[in-house]
Amino acid sequence: MATDMTTMTKDTILRVEHLSMRFGGLMAIDDFSFEAKRGEITALIGPNGAGKTTVFNCITGFYKPTMGMLTLHRSNGREFLLERLRDFEINKVAGVARTFQNIRLFSGLTVLENLLVAQHNVLMKASGYTILGLLGLPTYKNAAKAAIEKAEYWLDKADLTDRADDPAGDLSYGAQRRLEIARAMCTGPELLCLDEPAAGLNPKESLTLNALLRGIRDEGTSLLLIEHDMSVVMEISDHVVVLEYGQKISDGTPDHVKNDPRVIAAYLGVEDDEVEEIEEKLDKGIIEEGSV
Amino acid sequence: MEYFIQQLINGLTLGSIYGLVAIGYTMVYGIIGMINFAHGDIFMLGGFAALIVFLLATSFFAGIPVALLLLLMLLVGMLMTGLWNWTIERIAYRPLRGSFRLAPLITAIGMSIFLSNFIQVTQGPRNKPIPPLVTDTYHFGAITVSLKQILIVVITSILLFAFWYIVNKTPLGRAQRATEQDRKMAALLGVDVDKTISITFIMGAALAAVAGAMYLMYYGVASFNDGFIPGVKAFTAAVLGGIGSLPGAVLGGLLIGLIESLWSAYFSIAYKDVATFAILAFVLIFKPTGILGRPEVEKV
């Protein structure tokens with residue numbers, strides 16, 4: 001069967017349908033639907049408080065959505081409803097990994113150990129749930145060796161090889177961010193969700209990060225990222241979804257989104273000609289200052 | 001001088017037992033931040049499990065070699081006690097995880113009372129004696145070292161090494177340390193946190209069971225009440241060493257054992273418990289983090 005390469009690489013990995021999340025009287029996410037394609041970098045952007053992190057928390061099991069379906073399609077054809085999985089199954093079974101806006105490394109463990117914890121399930125199985133591992137069986141030794149090799153591979157990618165045995169808490173901020181991504185990758189995810197990976201990085205670190213993310217995509221892992229900084233988003237993403245007040249206002253290629261008047265309005269507050277209108281109204285006293 | 005060394009040896013033996021129990025307190029505290037007050041009674045259960053194995057084995061297989069008998073007492077005791085602690089965690093503590101901080105503490109005290117009463121009802125309130133299993137003693141001048149003291153210290157050392165190896169070198173131990181630092185993050189990396197916590201309870205119980213069996217062998221009696229005073233002493237040891245710190249638990253256990261036997265030898269045996277608990281009070285007032293404990297870092 002002749003398969004068209006473009007449709008091969010463009011099938012859906014994550015489908016979010018009619019997602020709603022209510023906190024008491026606040027509708028944080030209101031009927032939000034989008035799709036992330038396999039092998040792409042999908043960016044979820046929007047002003048502060050738009051609900052981006054809430055969407056992430058729904059995808060990774062922190063919140064149970066009030067309504068909606070989150071379907072993950074694995075490359076082996078299996079499908080999972082993420083909202084029905086237990087917290088550790090989202091990674092173990094569905095192959096979704098995530099990072100946080102505020103770094104959550106195991107700061108007391110070494111850099112290498114952080115990467116090995118991420119390979120826990122493989123190692124536990126190989127060690128016969130510890131008991132056989134204590135006997136020093138060759139299957140476990142091989143698995144342990146493979147785990148360390150995988151960790152070393154990602155250490156190299158994240159440019160942390162010489163820090164492998166230092167406590168993770170001793171790394172610089174930028175290095176911790178890279179380690180967090182490396183750790184997520186060690187779980188062997190199909191979908192990697194990054195919550196503001198570029199936040200707080202200096203321009204040089206930001207460039208290294210972009211290269212790292214592109215490398216991850218080119219190796220076949222799909223990425224979903226929240227980003228604030230439009231320049232980063234336009235630089236690396238294939239597909240952009242814009243969220244404002246819990247609703248989707250735009251969805252498409254970076255160029256499409258960049259020129260979408262609703263997006264511009266959301267980011268700048270209002271459009272240029274509207275600014276003049278509002279100034280006039282303020283002058284005439286129709287609306288009070290501070291209400292805009 | 002001989003008297004002093006003799007007391008040191010006695011204290012070391014007792015301290016090994018306290019240390020093994022203290023590890024259970026400290027591990028559970030480390031991983032879920034809760035003081036498992038039923039742990040002393042788990043230690044008592046371990047003693048009874050060993051006692052029952054002893055009675056069954058000696059009545060069905062008269063003339064069973066002592067070494068095999070001891071091994072059986074330890075292994076079956078570890079298994080049974082591990083099962084008990086797993087069950088307790090599953091039905092009494094897990095449903096309360098994420099509840100307010102006092103809830104699991106209150107349940108733990110409830111479980112402690114339940115266990116000691118359960119044993120009192122099913123096994124009777126009187127002390128249960130067993131004949132001395134290991135009677136050999138060795139004399140070095142005026143110093144007497146009994147084989148059972150050597151056994152206790154050797155078994156404790158082997159277990160501590162095995163335990164240290166599991167926590168520091170195996171994937172399971174890594175998962176335990178990760179869970180201790182950030183439970184939610186560990187889950188997001190695919191670690192089954194509930195299972196890891198269960199295993200922690202089983203490991204703590206297994207060590208307490210060994211301590212219980214050795215306590216039975218050392219003193220020759222088991223009582224439903226054994227969980228209380230030795231249990232609280234082991235807890236004192238965990239606090240003294242720095243709760244949450246594994247080497248601290250062992251160090252604390254040894255110190256408490258030494259203090260107890262030296263106090264009994266040079267001051268008054270009637271006040272030995274007062275001395276131990278005075279230490280608990282002093283540590284809590286002047287150095288709440290204990291000898292090897294780290295001040296708690298605020299998690300963000």
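The legends below describe close-up views of a predicted model.

**Figure 1. Overall composition of chain A in the predicted model.** Chain A contains 13 helices and ten strands. Of the 292 residues in chain A, 40% are buried. Among the contacts in chain A with a separation of 6 or more, 65% join residues 24 or more positions apart.

**Figure 2. The six-stranded open sheet of chain A.** The strands of chain A follow the order β6-β7-β8-β3-β9-β10, and their pairing is mixed. The edges are occupied by β6 (96-98) and β10 (247-252) of chain A; each has a single partner strand, so one side of each is left without a neighbour in the sheet. From one strand to the next, the twist averages 15°. At one end of the order, strand β9 (residues 239-244) of chain A pairs with β10(A) in the antiparallel sense, over five bridges. Within this pair, A:V241 has A:D251 in β10(A) as its bridge partner. Helix α9 (residues 203-218) of chain A lies across β3 (41-45), β7 (191-195) and β8 (222-226) of chain A. The angle at which α9 runs to β8(A) is about 145°.

**Figure 3. The four-stranded open sheet of chain A.** Here the order is β2-β1-β4-β5 (chain A), and the pairing is antiparallel. At the edges stand β2 (26-37) and β5 (79-81) of chain A, each with a single partner strand, so one side of each is left without a neighbour in the sheet. Direction ignored, neighbouring strands of this sheet are turned by 15° against each other on average. Three bridges connect strand β4 (residues 67-73) of chain A with β5(A) in the antiparallel sense. The bridge partner of A:L72 in β5(A) is A:F80.

**Figure 4. The contact between chain A and chain B.** Chain A contributes 23 residues to the contact and chain B contributes 20 residues. On the side of chain B that touches chain A, α6 and α7 of chain B each supply at least two residues. The largest share of that side, seven residues, comes from α6(B). Sorted by class, the side of chain B that touches chain A holds 13 nonpolar, three polar and four charged residues.

**Figure 5. The surroundings of helix α6 of chain B.** Helix α6 spans residues 171-181 of chain B, and ten of its eleven residues are buried, so the helix is largely enclosed by the rest of the structure. The buried set consists of B:P171, B:L172, B:R174, B:A175, B:Q176, B:R177, B:A178, B:T179, B:E180 and B:Q181. From chain A, the elements against which the buried residues of α6(B) pack are α4 (111-117) and α5 (120-126). From chain B, they are α1 (2-32), α5 (147-169), α7 (183-188) and α8 (193-219).

**Figure 6. The crossing of α5(B) and α6(B).** The two helix axes come within 5 Å and cross at roughly 70°. The helices α5(B) and α6(B) are therefore roughly perpendicular to each other. On the α5(B) side, B:I166, B:V167, B:N168 and B:K169 take part, meeting B:L172, B:G173 and B:Q176 of α6(B). By class, this contact of α5(B) with α6(B) has three nonpolar, three polar and one charged residues.

**Figure 7. The β2-β3 hairpin of chain B.** Strands β2 (residues 137-140) and β3 (residues 143-146) of chain B pair in the antiparallel sense over four bridges. One of the paired positions is B:Y138, whose bridge partner in β3(B) is B:V145. Two residues lie between β2(B) and β3(B) in the hairpin, and B:G141 in the turn has a positive phi of about 60°.

**Figure 8. The environment of B:G11 in helix α1 of chain B.** With 22 other C-beta atoms within 10 Å, B:G11 is buried. Leaving aside residues up to four places away in sequence, B:G11 touches B:G257, B:L258, B:E260, B:S261 and B:L262. The C-alpha atoms of B:G11 and B:A38, which are 27 residues apart along the chain, are separated by 25 Å.

**Figure 9. Spans of chain B listed in UniProt under "transmembrane region".** The unreviewed UniProt entry lists residues 12-35, 42-62, 68-88, 100-119, 139-167, 197-218, 238-259 and 266-286 of chain B. In the model, residues 68-88 of chain B are 100% helix and 0% strand, with the end C-alpha atoms 30 Å apart. Residues 238-259 of chain B are 82% helix and 0% strand, and the end C-alpha atoms of this span lie 15 Å apart.

Technical notes: Residues numbered from 1 in each chain as written. Chains lettered and ligands numbered in written order. Predicted model: local features only at pLDDT ≥ 70, side-chain atom pairs only at ≥ 80, totals over all residues. Buried ≥ 20, exposed ≤ 12 C-beta atoms within 10 Å, placed from the backbone. Contact = placed C-beta atoms within 7 Å. Pairing = 2+ DSSP bridges. Nonpolar A, V, L, I, M, F, W, Y, C, P; charged D, E, K, R; others polar. UniProt positions renumbered as here; feature names shortened; annotations may be inferred. Axes fitted to C-alpha atoms, helices over the stretch in contact; angles between N-to-C directions. Parallel < 35°, antiparallel > 145°, perpendicular 65-115°, else oblique.
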